[in-house]
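Hello, and thanks for sharing this one. Here are a few friendly notes to read alongside the coordinates, starting with enclosed space and moving on to two covered elements.

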Amino acid sequence: MVSAIWPGAAYPLGATYDGAGTNFSVFSEVADRVDLCLIDTDGTEERIPFDECDGFVWHCYLPTVSPGQRYGFRVHGPWDPAAGHRCDPSKLLLDPYGKSFHGEFEFTQALFSYDLAAEDLAAGGTPPRVDSLGHTMTSVVINPFFNWQSDRAPNTPYHETVIYEAHVKGMTQTHPAIPEEQRGTYAGLSHPVIIDHLKSLNVTAIELMPVHQFLHDHRLVDLGLRNYWGYNTFGFFAPHHQYSSNQNAGGAVAEFKTMVRSFHEAGIEVILDVVYNHTAEGNHLGPTINFRGIDNAAYYRLLDGDLKYYKDFTGTGNSLNVRHPHTLQVIMDSLRYWVLEMHVDGFRFDLASTLAREFYDVDRLSAFFDLVQQDPVISQVKLIAEPWDLGEGGYQVGNFPGLWTEWNGKYRDTVRDYWRGEPASLGEFASRLTGSSDLYEATGRRPSASINFVTAHDGFTLADLVSYNEKHNEANGEDNRDGESHNRSWNCGVEGPTDDPDILALRARQQRNVITTLLVSQGTPMISHGDEFGRTQHGNNNVYCQDSEISWMDWSMCETNADLMTFSRRVTTLRKEHPVFRRRRFFEGKPLVRTDDQVRDIAWLTPSGTEMTSREWDSGFKFVAMFLNGDAIPSHDARGERVVDDTFLLCFNAHSNPVDFVAPGADYAAEWTGALDTADPTGATDLVLAAGETASMQGRSVIVLRKTA
């Protein structure tokens with residue numbers, strides 16, 4: 001029993017242990033009364049009514065409560081779905097600011113505030129009042145103190161950044177060198193073998209798919225599946241506890257911090273894929289686990305004219321109400337917490353257009369983006385938008401504010417189209433290679449605002465992109481209806497597995513072509529985990545529910561596809577060593593006057609070595625050579641020295657047949673030496689060409705030449 005109850009403070013929200021006791025606070029504007037519920041390890045509950053409420057924040061301080069204490073809230077107030085209110089004190093509600101959670105959900109009547117046998121009651125009627133204690137998770141008070149030692153953020157500039165998108169469990173579940181008890185965990189992800197692998201690829205930032213505490217959907221659980229990706233958050237402050245090798249109460253927090261510290265020691269930033277656009281409670285038929293029961297109308301966008309139902313811009317049942325100040329506060333407090341307390345280096349915002357919806361249309365100047373712009377903490381980390389959602393007008397590539405970078409969906413689509421041989425894609429391809437100035441220059445952003453990717457968690461892996469024309473998602477239990485049907489993929493002649501050596505060779509070369517294109521493009525490249533050695537999902541392009549070998553990385557493929565692994569390392573090293581591939585500013589494409597010299601920073605050439613004309617751009621031809629002048633980089637390094645690099649010629653041939661090309665004349669270089677050729681399994685080449693000399697280039701390949709005289 002609690003021996004003393006002090007008034008406490010309204011801020012910070014959540015449960016805050018200060019070394020002597022714990023302050024508890026929770027926002028609810030609709031509540032008539034709120035109970036703090038302390039849960040013992042045997043499941044017994046002690047209810048403590050909050051006597052203090054300031055600005056709709058209910059609070060108290062318990063001097064005897066320490067880390068490890070399990071707790072929840074019960075909110076007493078109106079049950080009036082027609083008015084948007086769904087208070088149900090029979091539900092033990094999780095803390096929206098909870099830093100850790102314990103237990104699991106049982107999808108029984110206890111989680112739902114309506115009769116499961118009569119679903120129409122979800123929109124009204126009297127809830128059955130079945131207590132959820134014992135059937136829901138509990139929040140846990142954590143120990144916030146941690147020895148960060150000499151931890152320092154790498155602060156890698158965007159133009160030097162190489163992002164690696166990964167899944168905590170999928171990355172580590174089958175790695176033979178990771179101790180079995182650490183596989184699938186934060187500890188496993190920061191194991192030296194994983195860090196060494198990333199360093200060998202010159203990765204500077206690992207972007208983790210959702211690690212905020214999430215729920216496995218009822219429908220998936222019934223099918224024997226799981227929400228593997230984790231885009232079903234309910235705890236915006238807590239690392240997902242199932243990714244921790246330490247299952248003690250609050251153990252995930254220290255393990256996550258240790259992981260971040262290890263990555264920072266290796267010079268690798270940690271970026272989190274965050275889901276602030278919706279929660280795991282879903283629509284009116286979903287469970288009541290926290291936000292819905294605390295203040296439904298404040299936290300969620302409700303349907304205009306019929307407040308029983310939810311607006312859904314995400315395809316998941318609900319959308320967070322970013323028009324409400326306390327909902328905005330949850331998001332901003334969460335972001336600051338992960339930067340200040342968990343030391344992460346940035347965020348990738350899932351379906352970020354949803355956060356801009358103040359009324360109906362997407363508004364790039366919405367309150368959320370204003371708050372980010374002026375926040376002294378959040379404005380200083382990496383901010384990456386997935387610039388679309390499922391609502392009308394939600395595709396917003398190129399329209400985010402100046403601080404933001406964006407997943408460039410147009411880059412993905414264009415590169416896929418070019419290498420599968422689509423007509424009339426050459427001009428668009430050139431634009432994407434050079435940083436997509438048409439999308440980002442007008443807002444004052446640099447080429448690095450374009451997060452270039454060809455594959456990601458959502459869709460085919462790179463190996464599957466060149467092996468399947470159609471998705472094969474039967475294992476998901478939706479009769480192959482789920483997932484994107486228009487993938488811009490090409491199977492190279494046979495759907496799926498084959499023993500044909502010619503097709504296998506072409507598929508391998510196509511993978512090398514895409515990897516090369518990605519790493520020599522201006523902008524910030526993002527590699528999808530496992531693409532560097534040919535990871536396959538066997539044609540499944542929507543493994544959101546596949547917590548299995550279908551989605552996990554098969555590390556034996558590092559040996560099976562050793563050539564591709566060698567090639568990937570070669571290309572990432574080429575990018576790292578040469579700043580001409582990661583310019584800070586857009587190309588001008590015209591002579592740049594420097595003292596007595598006039599030099600051009602870029603030129604586009606035909607196979608004959610002459611400059612492209614407008615007619616040739618529109619001819620449907622699929623070859624182009626890009627001249628990159630290393631003497632014409634308009635930037636200075638951190639010490640004010642002008643950046644100078646080698647000069648390169650990049651030849652791209654998407655034709656199925658070989659193309660003869662002429663090394664450009666002495667105005668460009670007297671001699672060119674091969675730096676990379678995707679026709680070779682490892683990228684090796686001994687090609688040397690004098691100005692005016694002709695060479696043959698294999699169909700569907702890339703050659704990178706360096707000026708040597």
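1. Let me begin with the second largest cavity of this predicted model. By class, its lining comprises 6 nonpolar, 2 polar and 3 charged residues. The space inside comes to about 90 Å³. If you want to select the wall in your viewer, the residues are V415, R416, W419, R420, L465, V466, R488, S489, W490, Q510 and V514. Two elements, α9 (409-419) and α13, each give two or more residues to this lining, and α9 gives the most, with 3.

2. How many cavities of 30 Å³ or more does the structure hold? There are 7 of them, and the largest has about 150 Å³ of space. Its lining is made of 16 residues, with L462, I515, L518, I527 and D531 lying nearest the centre. The elements that supply two or more lining residues here are α13 (501-520), β21 (524-528) and α15 (562-577). Sorted by class, this lining has 10 nonpolar, 4 polar and 2 charged residues.

3. Please keep an eye on α13 when you look at the two cavities. For the largest cavity, α13 gives the most to the lining, with 4 residues. For the second largest cavity, α13 is again among the elements that give two or more residues.

4. Next, strand β26 (residues 648-653): is it covered or open on its two faces? Both faces are covered, with F648, L650 and F652 buried on one side and L649, C651 and N653 buried on the other. That agrees with the count for the strand, where 6 of 6 residues are buried.

5. The neighbours of β26 are worth a look too. Strand β25 (residues 623-628) pairs with β26 in the antiparallel sense over 6 bridges, and in that pairing A625 has C651 as its bridge partner. Strand β31 (residues 701-707) also runs antiparallel to β26, joined by 6 bridges. In β31, R706 stands opposite F648.

6. Finally, helix α6 (residues 291-299). Which of its residues are buried? They are F291, R292, G293, I294, D295, N296, A298 and Y299, so named under a cut-off of 20% relative accessible area. This makes 8 of the 9 residues in the helix, which is mostly covered. The buried residues of α6 pack against four strands and a helix, namely β2 (22-27), β7 (70-76), β9 (85-86), β15 (233-239) and α7 (325-340).

Terms used:
Residues numbered from 1 in each chain as written. Predicted model: local features only at pLDDT ≥ 70, side-chain atom pairs only at ≥ 80, totals over all residues. Heavy atoms only, no water. Buried < 20%, exposed > 50% of the residue type's maximum accessible area, 1.4 Å probe, protein only. Contact = heavy atoms within 4.5 Å. Pairing = 2+ DSSP bridges. 1 Å grid on protein atoms, 1.4 Å probe; cavity = no way out; pocket = protein on both sides within 12 Å on 5 of 7 lines; lining within 4 Å. Points joined across faces, edges and corners; volume = space filled by probe spheres on them. Nonpolar A, V, L, I, M, F, W, Y, C, P; charged D, E, K, R; others polar.
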